Amino acid sequence: MKTKPVQQLTLSALLIALSVLIPLVMPRIVIGPASFTLASHVPLFVAMFFSPKMSMVVALGTSFGFLLTAPFIIALRALSHLLFAVLGSLYLQKRPQIVNHPKRFQLYNLMIAMIHAVAEVIVVAAFFLLGGSPQVSYDTSMFTLLFAFIGIGGVIHSLVDYNIAYFIVKTLSKSFPVPIFKKASNK
């Protein structure tokens, strides 16, 4: 089941727009330089149910949107999403039936969340180590920021957002052709 190019382009544009809009309207938790916005990853996770190409386009579009509207480090964190989005989408393409097995899907969700968090920790660490934020000292505050807030907090944030996306896409799949759910029902 393939979506038409115009549908893919339209859906990608809508998901990018939502990715930029969500941080403006959703609740945000800010702990030092770390911030977590509820549902901010949902559009990208939705794209993963369609195709690796759509995931890549939405990740790039979101990164560009954040480059225009948010601090540079947020745009870099968004750019790091390319890694988990493409890997996760490729996995879903090869094993679409996972969406029909809640326990296996949650294990997959955890693996994606860990890749997501590790990529963000690396980006934030490189940013700070290269002098991107002079107010952060390289002692316990750096360790706490990277591993507690960005790492563990990022895993939790990713798990929550992917479950929201899964619920939305599963519901949509009942009346709109979502490729991964179509493939899963055919197997």
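On a 1 Å grid over the protein atoms alone, a pocket is an open set of points with protein on both sides within 12 Å along at least five of seven lines, while a cavity is a set of points where a 1.4 Å probe fits but cannot get out. Lining residues have an atom within 4 Å of a point. Grid points are joined across faces, edges and corners, and a volume is the space filled by probe spheres set on the points.

This is a predicted model, in which local features need pLDDT of at least 70 and side-chain atom pairs count only at pLDDT 80 or more, whereas totals for chains, interfaces and linings use all residues. Residues are numbered from 1 along each chain as its sequence is written, and side-chain values use heavy atoms, with hydrogens and water left out.

**Exercise 1. Describe the second largest pocket: its volume, its lining and the helices that supply it.**

Step 1. Start with the volume, which is about 220 Å³ for the second largest pocket.

Step 2. Next, find the residues: 13 line this pocket, and Leu15, Leu18, Val46, Ile168 and Leu172 lie nearest its centre.

Step 3. Now sort the lining by class. Ala, Val, Leu, Ile, Met, Phe, Trp, Tyr, Cys and Pro count as nonpolar, Asp, Glu, Lys and Arg as charged, and the others, Gly among them, as polar. The lining has 13 nonpolar residues, with no polar and no charged ones.

Step 4. Finally, assign the helices. Helices (H or I, at least four residues) and strands (E, at least two) are DSSP runs, numbered from the N terminus. Helix 1 (5-25), helix 2 (42-48) and helix 6 (140-172) each supply at least two lining residues, and helix 1 gives the most, with five.

**Exercise 2. Find how confident the predictor is in the chain, and which elements have the lowest and highest mean pLDDT.**

Step 1. pLDDT is the predictor's confidence in each residue, from 0 to 100. The protein chain averages 89, and 92% of the residues score at least 70.

Step 2. Among the elements, strand 1 (residues 28-31) has the lowest mean, 76, and helix 2 has the highest, 98.

**Exercise 3. Check the spans of helix 5 and helix 4 against the expected values.**

Step 1. The expected span of a helix is 1.5 Å times one less than its number of residues.

Step 2. Helix 5 (residues 102-129) has 28 residues, so it should span 40 Å; its end C-alpha atoms are 40 Å apart, which agrees.

Step 3. Helix 4 (residues 72-94) has 23 residues, so 33 Å should be spanned; its end C-alpha atoms are 35 Å apart, which agrees.

Step 4. Look just past helix 5 too: Gly131 follows, with a positive phi near 90 degrees.

**Exercise 4. Decide whether Gly88, Ala78, Asn186 and Val30 are buried or exposed.**

Step 1. Set the cut-offs: buried means under 20% relative accessible area, exposed over 50%, and partly exposed in between (1.4 Å probe, protein chains only).

Step 2. Take helix 4, whose buried residues include Arg77, His81 and Phe84. Gly88, in this helix, counts as buried because its relative accessibility is 0%. Ala78, also in helix 4, is buried because its relative accessible area is 3%. The C-alpha atoms of Ala78 and Leu24, 54 residues apart along the chain, are separated by 15 Å.

Step 3. Asn186 sits in helix 7 (residues 179-186) and counts as exposed because its relative accessibility is 64%. Asn186 and Gln97 are 89 residues apart in sequence, yet 8.9 Å apart in space, C-alpha to C-alpha.

Step 4. Val30 belongs to strand 1 and is exposed because its relative accessibility is 54%.

**Exercise 5. Find the polar partners of Glu120 and His157.**

Step 1. A polar contact is a pair of N or O atoms within 3.5 Å; within protein, one must be able to donate a hydrogen and the other to accept it, and residues adjacent in sequence count only if both atoms are side-chain atoms.

Step 2. Glu120, in helix 5, is buried because its relative accessibility is 4%. Its side chain makes a polar contact with the side chain of His116 (2.9 Å).

Step 3. His157, in helix 6, is buried because its relative accessible area is 11%. A polar atom of the His157 side chain lies 2.8 Å from the backbone oxygen of Thr37.
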